[in-house]
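Work through these exercises with the structure open beside you. Try each task before you read its solution.

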Amino acid sequence: MATLGSLNYAQLVTAVTDYTQNTFDTTDMNTMIQQAEQRIYNTVQLANLRKTSTTALTPSVNTFNAPTDLLSIYSFAVIDGSGNYIYLLSKDPAFMQEAYPNPATTGTPKYYAINGPSTPVTRLQFILGPTPNAALVTDLSYFAMPESIVTASTTWLGENFSSALLYGTLCEAGVYMKSGQDDGMYAMYQERYVQAIALLKNLGDGKQQTDTYRSEVRAQVS
């Protein structure tokens, strides 16, 4: 059962239809919803989107594929044979080529770069420098694109912050219906969407990144 103010897929479709007083075919509706989700998830980094991935590196190989659902990286480390975490610094591919022009130069990686796409062409690739000299394990903490409400029926966003999803979809519906900038309803949807994203960013960038202990310590230090 949906909680107060939450929306599952069917309820979202009904709400968009009622708000716009327009009936969309399923394909168009799903596209609008997924476009709204894409915009939201690329705007706000929520703790709920964070995942961890581990990969066993191959000695003398300095590349490996990134997770298919990767949006952005929170932290990236390699774990040595003693269990120590060595956090890598992010660099661009040009730095890696200049600093480590010969992949045969091995050691414990200090840096990583995102290169791509590799194979398949939609998948990004990591480059490590220097090339690993042992079968180390990576520990990658990253923000991921979650399953769409279109296929999952219920999602964290729909259950906990349905306003962003609803008004984001209504904005996409306005574009689909070619609503003009002078359209009062379209302008209202845009305004409500901006307000919802601001509140969501306050949650993702602020409240989910701090705790009472750290906040109190900062207050005492300042």
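A residue is buried when its relative accessible area is under 20%, exposed when it is over 50%, and partly exposed in between. Keep these cut-offs at hand. The model is predicted.

**Exercise 1. Overview**

Task: Find how many helices and strands the chain has, and what share of its residues is buried.

Solution:
- Step 1. Count the elements: there are 8 helices and 10 strands.
- Step 2. Turn to burial. The chain has 222 residues, and 37% of them count as buried.
- Step 3. Add the surface. The accessible surface of the chain comes to about 12400 Å². Carbon and sulfur atoms hold 51% of that surface.
- Step 4. Look at contacts with a separation of 6 or more. Residues 24 or more positions apart account for 71% of them.

**Exercise 2. The open sheet**

Task: Work out in which order the strands of the open sheet lie, and which strands are at the edges.

Solution:
- Step 1. Recall how strands join. Strands of a sheet pair through backbone hydrogen bonds, either parallel or antiparallel.
- Step 2. Read the order. The 4 strands run 2-8-7-5, with mixed pairing.
- Step 3. Find the edges. Strand 2 (63-65) and strand 5 (89-90) each pair on one side only.
- Step 4. Examine one pairing. Strand 7 (residues 111-115) and strand 8 (residues 125-129) run antiparallel and are joined by 5 bridges.
- Step 5. Pick one bridge. Ile-114 has Phe-126 in strand 8 as its bridge partner.

**Exercise 3. The partners of strand 3**

Task: Establish which strands pair with strand 3 in the antiparallel sense, and over how many bridges.

Solution:
- Step 1. Begin with strand 10 (residues 137-144). Strand 3 (residues 70-79) pairs with strand 10 over 8 bridges, in the antiparallel sense. Ser-72 is bridged to Phe-143 in strand 10.
- Step 2. Go on to strand 4 (residues 85-87). The pairing with strand 3 is also antiparallel, over 3 bridges. Here Ala-77 has Tyr-87 as its partner.
- Step 3. Inspect the hairpin of strand 3 and strand 4. There are 5 residues between the strands, and Gly-83 takes a positive phi near 85°.

**Exercise 4. Salt bridges**

Task: Find how many salt bridges the whole structure holds. Then decide for Arg-39: buried, partly exposed or exposed?

Solution:
- Step 1. The search finds 2 salt bridges.
- Step 2. Take Arg-39 and Glu-172. Their closest N and O atoms are 3.3 Å apart. Arg-39 lies in helix 2 (residues 26-41) and Glu-172 in helix 6 (residues 162-176), so the pair ties together parts that are 133 residues apart in sequence.
- Step 3. Judge the burial. Arg-39 has a relative accessible area of 30%, so it is partly exposed. Glu-172 has 14%, so it is buried.
- Step 4. Take Lys-51 and Asp-69. Their N to O distance is 2.7 Å. Lys-51 is in strand 1 (residues 50-56), while Asp-69 is in the loop between strand 2 and strand 3, 18 residues apart.
- Step 5. Judge again. Lys-51 is partly exposed at 39%, whereas Asp-69 is buried at 18%.

**Exercise 5. Aromatic rings**

Task: Describe how the rings of Phe-76 and Tyr-112 are arranged, and say which residues form one aromatic cluster with them.

Solution:
- Step 1. Know what to look for. A pair of aromatic rings is described by the distance of the centres and the angle of the planes.
- Step 2. The count comes to 11 aromatic pairs. In one of them, Phe-76 and Tyr-112 have centres 4.8 Å apart and planes at 70°, which makes the pair edge-to-face.
- Step 3. Place the pair. Phe-76 is in strand 3 and Tyr-112 in strand 7, 36 residues apart. Both residues are buried.
- Step 4. Turn to another pair. Tyr-100 and Tyr-111 are tilted, 6.4 Å centre to centre, with 45° between the planes.
- Step 5. Name the cluster. Phe-64, Phe-76, Tyr-112 and Phe-126 form it.

**Exercise 6. Charges over rings**

Task: Find over which ring the charged end of Arg-50 sits.

Solution:
- Step 1. The charged end of Arg-50 sits over the ring of Tyr-74, 3.7 Å from its centre.
- Step 2. For a second case, Lys-91 lies over the face of Phe-95, at 4.9 Å from the ring centre.

Note on methods: Residues numbered from 1 in each chain as written. Predicted model: local features only at pLDDT ≥ 70, side-chain atom pairs only at ≥ 80, totals over all residues. Heavy atoms only, no water. Pairing = 2+ DSSP bridges. Helix = DSSP H or I, 4+ residues; strand = E, 2+ residues; numbered from the N terminus. Salt bridge = Lys/Arg side-chain N within 4 Å of Asp/Glu carboxyl O. Buried < 20%, exposed > 50% of the residue type's maximum accessible area, 1.4 Å probe, protein only. Contact = heavy atoms within 4.5 Å. Areas by Shrake-Rupley, 256 points an atom, 1.4 Å probe, with all protein chains shown as cover. Phe/Tyr/Trp six-rings, centres within 6.5 Å; stacked < 30°, edge-to-face > 60°. Lys NZ or Arg CZ within 6 Å of the ring centre and 35° of its normal.
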